[in-house]
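Me: I would like a close look at a single part of this model. Please keep the answer connected.

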Amino acid sequence: MQKPSQVVHLDALPSHLWHAAKHLGETVIAPLVLFYVLFTFTGLTGGLIAALVWGLGAVAVRLALRVQVPLVLMLTTGVLVVRTVVGFVTNSSFLYFLEPSLQNFLVALLFLGSLLFERTLIAKLADDFCILPPSLIGNARVQLFFRRVSLLWALVFTINGFTTLWALAQATIGHFLLASTAGSFSLVAVAAVASIWWLRRELHGEGITLRFARRATA
């Protein structure tokens with residue numbers, strides 16, 4: 001028996017892309033750019049302080065305004081604090097960037113470990129990058145999709161870990177930042193597109209169609 005057809009209207013695709021880009025810019029790109037600029041003109045200490053101030057400032061502003069702090073911002077800022085301490089103690093930019101490279105393997109393990117719980121880590125992080133209605137998130141097939149796609153993202157972060165380690169060992173700091181950022185974002189972008197296609201395919205089996213466009217108001 002064919003399932004009844006249902007259409008779920010989401011915001012237009014540019015809204016979702018902008019929503020994701022804001023989080024990536026705030027948590028990844030801005031700290032990297034600030035670090036590199038200050039590192040170039042003032043040295044390692046200036047770069048460490050600039051990146052850390054940005055991360056803590058982003059969290060502090062939200063807390064002051066009583067706005068919910070995105071999970072991805074909390075995670076990246078916590079890691080940034082640890083990296084900064086390592087950078088100051090060792091005075092080594094290599095070790096400063098070695099930690100996030102190794103962190104890729106930790107994230108991969110977290111994705112796999114979250115399969116033991118009812119709600120996976122990828123499902124929680126999805127709230128920061130894609131605006132999905134609660135009715136869709138609660139769908140049983142969507143929950144199963146999040147469990148399966150966790151395996152994909154565990155593989156993505158494992159590959160990213162190996163490639164960034166290789167780049168860190170072979171290149172200067174400037175070239176490493178350029179190569180690792182471009183490579184990481186390309187890999188993540190491909191995985192994100194694949195995840196969206198996979199989600200739409202899973203929902204199609206439930207008789208649900210996703211449409212990235214605002215519904216006309218009556």
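Are Tyr96 and Phe97 buried or exposed, and what surrounds them in helix 4?

Reply: This is a predicted model, with a mean pLDDT of 80 for the protein chain and 83% of its residues at 70 or more. Tyr96 is buried, and Phe97 is buried as well. The buried residues of helix 4 also include Ser93, Ser101, Asn104, Val107, Ala108 and Phe111.

Helix 4 covers residues 93–113. With 21 residues at 1.5 Å a residue, a span of 30 Å is expected, and the 31 Å between its end C-alpha atoms therefore agrees. The helix nevertheless has a kink of about 25 degrees, centred on Asn104, one of its buried residues. At the N-terminal end, Ser92 acts as the cap: a side-chain oxygen is 3.3 Å from the backbone nitrogen of Phe94.

As for the rings, the model has 9 aromatic pairs. In one of them, Phe35 and Tyr96 are stacked, with 4.9 Å centre to centre and 15 degrees between the planes. Phe35 belongs to helix 1 (residues 13–42) and Tyr96 to helix 4, so this pair ties together parts that are 61 residues apart in sequence. Phe35, like Tyr96, is buried. Tyr96 also pairs with Phe97, here edge-to-face, at 5.0 Å centre to centre and 85 degrees between the planes. Together with Phe39, the residues Phe35, Tyr96 and Phe97 make up one aromatic cluster.

In the record, an unreviewed UniProt entry, the annotation "transmembrane region" covers several spans, among them residues 33–57 and 101–117.

Conventions: Residues are numbered from 1 along each chain as its sequence is written. Side-chain values use heavy atoms; hydrogens and water are left out. Helices (H or I, at least four residues) and strands (E, at least two) are DSSP runs, numbered from the N terminus. The expected span of a helix is 1.5 Å times one less than its number of residues. The bend at a residue is the angle between axes fitted to the seven residues ending there and the seven starting there. Buried means under 20% relative accessible area, exposed over 50%, partly exposed in between (1.4 Å probe, protein chains only). A polar contact is a pair of N or O atoms within 3.5 Å; within protein, one must be able to donate a hydrogen and the other to accept it, and residues adjacent in sequence count only if both atoms are side-chain atoms. pLDDT is the predictor's confidence in each residue, from 0 to 100. UniProt positions are given in the numbering used here, feature names are shortened, and annotations may be inferred rather than shown by experiment. Rings of Phe, Tyr and Trp (its six-membered ring) pair if their centres lie within 6.5 Å; planes under 30 degrees apart count as stacked, over 60 as edge-to-face and the rest as tilted.
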